[in-house]
Amino acid sequence: MKRQRSEEETSSDENISDNSDVDTEDISDVDIEDDEGTISSAMSDCEISDQKEKQVQYEIGTNGYLRQILPEIDPIYESDSSTENPVNTVGNIPMEWYNDYPHIGYDIDGKKIMKPATSDELDKFLDNMEDPDSWLRVKDVLSQQNVKLSDEELEIIRRIQMGAFPDPNYDPYEPTVEWFTGKPEVMPLNATPEPKRRFVPSKWEAKRIMKIVRAIRQGRIVLGKTQTPKPRYYSLWTDNDKPREEHIMQIPAPKIKLPEHDESYNPPAEYLPTGKEREEWEKTDLDDREKDYLPKKAVPAYGRFIQERFSRCLDLYLAPRMRRNKLNIDPESLLPKLPNPKDLQPFPTSITLSYDAHKGRVREFSIDPSGIWLLSGSDDKTIRMWEITTGRCVKTWDVNEIVHSVAWCPNKDICAFAVAISNKVIIISPPAIRDDGTTNLTAQYVTSGFNTEKNEKQMKLVEWIKPPTEQGDGFLVIVQHAHNKVVKQITWHRKGDYFATVAPDAGNQAILIHQLSKHQTQQPFRKARGMVQRVMFHPIKPLFFVATQRFVRIYNLVKQELIKTLQSGVKWISSLDIHSMGDNVIIGSYDKRLCWFDLDLSSRPYKALRFHSKAIRSVTFHKRLPLFASCSDDGTIQIFHGMVYNDLLQNPLIVPVKILKTGHQVVNNLGVLHCEFHPTQPWIISSGADHSLKLWT
């Protein structure tokens with residue numbers, strides 16, 4: 001037997017040496033024992049060149065055969081970090097191939113994975129003593145690292161050692177299906193025992209096979225030739241040529257319309273058109289003609305045959321016919337159910353007072369925090385103060401410039417307002433509407449900043465000027481801007497000490513923030529990111545809203561960073577307002593749309609409302625009631641019910657409740673320019689291009 005085995009191994013060695021395409025794995029694992037007892041190892045060309053001068057030594061292995069004694073591994077640890085564990089991608093190959101190399105394989109990028117540092121026996125002993133789970137670790141040959149076995153793997157090893165099945169769910173004793181039993185069956189599968197011929201090759205099948213072989217040899221049967229002929233005609237649109245049943249909802253194509261008498265090759269004379277009818281037919285458009293042909297004598301050919309055939313093919317190909325069940329749905333059931341507007345009262349419904357004294361369009365107005373006084377600025381270069389409930393004009397200031405914006409200070413302890421005229425902002429304290437103590441406190445608070453030092457950077461932006469005493473009428477401070485651009489908007493901080501001005505054409509100085517008590521000015525943005533339209537302070541948080549033509553950017557004043565950008569989707573933003581709770585924003589645009597943003601929901605509009613027929617000039621929230629409104633150049637004011645819930649999971653409820661018409665007249669395509677709610681009452685005041693202000697209650 002030993003002699004026979006050596007001869008087999010020798011023959012296998014010859015076969016291997018003759019085959020140049022044999023894998024290295026197969027060659028390195030072959031051990032050959034010749035007649036004289038010498039041992040040779042089949043090695044690849046690469047291994048022979050590396051070990052020419054090394055003496056090969058062998059020892060008896062555990063399987064009783066000789067195995068080669070490999071040299072000790074000299075590891076080179078070149079890893080940048082011990083926390084990196086690149087995945088070895090050499091595949092399922094014997095890792096003994098890398099015993100003589102400093103690396104163990106390659107990662108996914110093709111870089112070498114160096115062998116990890118090996119520890120001596122003393123380190124292994126200390127690790128085993130310190131680590132109670134050392135007996136659970138085995139060495140992973142692919143990564144050359146110790147891997148901790150899981151509970152499932154330990155269970156598999158335990159079952160194998162006990163001689164059980166590795167899978168605990170495998171049941172070797174499950175009941176079998178007894179197809180052939182000794183019990184008599186009504187319909188047995190086979191009532192006779194198996195015959196002996198079942199175990200002997202069939203002579204009849206052998207004769208049949210030989211008959212087919214002779215036919216192939218004689219050429220009567222040609223291999224690879226299909227016996228079934230291809231059909232001469234086949235379907236152009238489907239791959240399956242088998243006829244299929246028509247669908248239950250399929251309607252057959254209608255038959256072609258039969259030609260009339262005037263379509264014949266030789267129509268009667270009464271069907272032929274006259275010259276006048278022919279001219280009218282030729283002048284008529286193709287779509288408006290009753291018939292796309294004219295009867296004529298055309299014997300023997302028919303000129304419209306190809307066109308009719310082509311139209312018929314298009315009808316059959318492009319007009320699928322299918323029965324469709326028509327759904328009878330009430331259109332009103334598809335509309336959302338909104339509450340009755342009477343249940344959402346109070347809200348303004350009718351005009352009550354008209355403030356008529358200006359001789360130019362009233363661009364903007366402001367209501368004081370107490371809700372008693374109304375301040376309006378007009379193109380007639382005047383500022384007027386009104387008593388809201390009576391409509392009486394209390395005071396008039398002539399400023400010799402067009403008034404673009406007025407804004408009352410929100411601090412109730414200070415009686416002052418700001419007016420934007422050209423490139424100046426004037427702080428005025430109206431006399432005779434408050435007691436002397438409030439007037440003196442306001443004058444002291446506003447003018448105390450003249451005693452503070454001004455730096456050069458601030459002097460380049462604005463100049464705080466003390467008006468002459470002879471000017472009077474409550475003029476306290478004049479803020480002269482360094483740029484010569486028009487200031488279009490003034491907005492106050494909720495505490496009344498800071499206010500911001502907007503000059504859209506001033507470039508990087510378009511937005512300036514001023515401190516009234518210290519007469520200081522700062523430029524929050526070094527670079528202009530679009531033409532600024534409106535700015536506002538957040539009513540609660542230290543946030544600053546900047547509206548450009550298409551975007552609304554929200555900045556954190558404490559961290560001095562951009563936190564969110566609202567994408568309006570409109571072409572040009574005209575106005576902006578923030579809800580008193582601070583989580584919802586509305587914007588108006590010149591392309592007739594009003595957008596509601598939920599800051600907690602998304603940076604895109606939650607609702608886009610389009611009820612105006614012309615550009616929206618102003619939007620506003622009520623500070624206490626769930627109301628908001630918009631005014632437009634179409635001369636109307638839209639009143640909406642906008643309920644914001646404390647529950648963050650419930651979306652705001654937006655319901656249009658009233659359209660206020662017939663209040664303002666449209667002059668030069670300009671209607672209502674500004675609107676604002678009363679601080680406490682469900683009233684709204686509007687101003688327009690018809691030189692008037694209206695109170696709606």
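Here are a few questions and answers about three residues in this predicted model.

Visitor: Which side chain of opposite charge is nearest to Lys 694, and why is there no salt bridge?
Guide: Lys 694 sits in strand β37, which covers residues 692–696. A salt bridge needs a side-chain nitrogen of Lys or Arg within 4 Å of a carboxyl oxygen of Asp or Glu. Lys 694 is buried yet has no salt bridge, because that limit is 4 Å and the nearest side chain of opposite charge lies 4.3 Å away, that of Asp 356.

Visitor: Which side chain makes a polar contact with the side chain of Lys 694?
Guide: Leaving aside neighbours within four places in sequence, Lys 694 is in contact with several residues, including Leu 353, Tyr 355, His 664 and Ile 685. Ser 354 is also one of these contacts. The polar contact, at 2.8 Å, joins the side chain of Lys 694 to the side chain of Ser 354.

Visitor: Is Ile 587 buried or exposed?
Guide: Ile 587 belongs to strand β28, residues 584–589. Beyond its neighbours within four places in sequence, its contacts include Val 552, Ile 573, Leu 594 and Phe 597. Buried means under 20% relative accessible area, and the value for Ile 587 is 0%, so Ile 587 is buried.

Visitor: How does Leu 126 count by its relative accessibility, and what is the value?
Guide: You'll find Leu 126 in helix α4, residues 121–130. Together with Leu 122, Phe 125 and Met 129, Leu 126 makes a nonpolar surface patch of about 440 Å². Partly exposed lies between under 20% and over 50%, so Leu 126 counts as partly exposed, at 39%.

Technical notes
Residues numbered from 1 in each chain as written. Predicted model: local features only at pLDDT ≥ 70, side-chain atom pairs only at ≥ 80, totals over all residues. Heavy atoms only, no water. Helix = DSSP H or I, 4+ residues; strand = E, 2+ residues; numbered from the N terminus. Buried < 20%, exposed > 50% of the residue type's maximum accessible area, 1.4 Å probe, protein only. Lys, Arg positive; Asp, Glu negative; His and termini not counted. Polar contact = N/O pair within 3.5 Å; in protein donor to acceptor, adjacent residues only side chain to side chain. Contact = heavy atoms within 4.5 Å. Patch = residues over 30% accessible without salt bridge, like charges linked within 9 Å, V, L, I, M, F, W, Y side chains within 5 Å. Areas by Shrake-Rupley, 256 points an atom, 1.4 Å probe, with all protein chains shown as cover.
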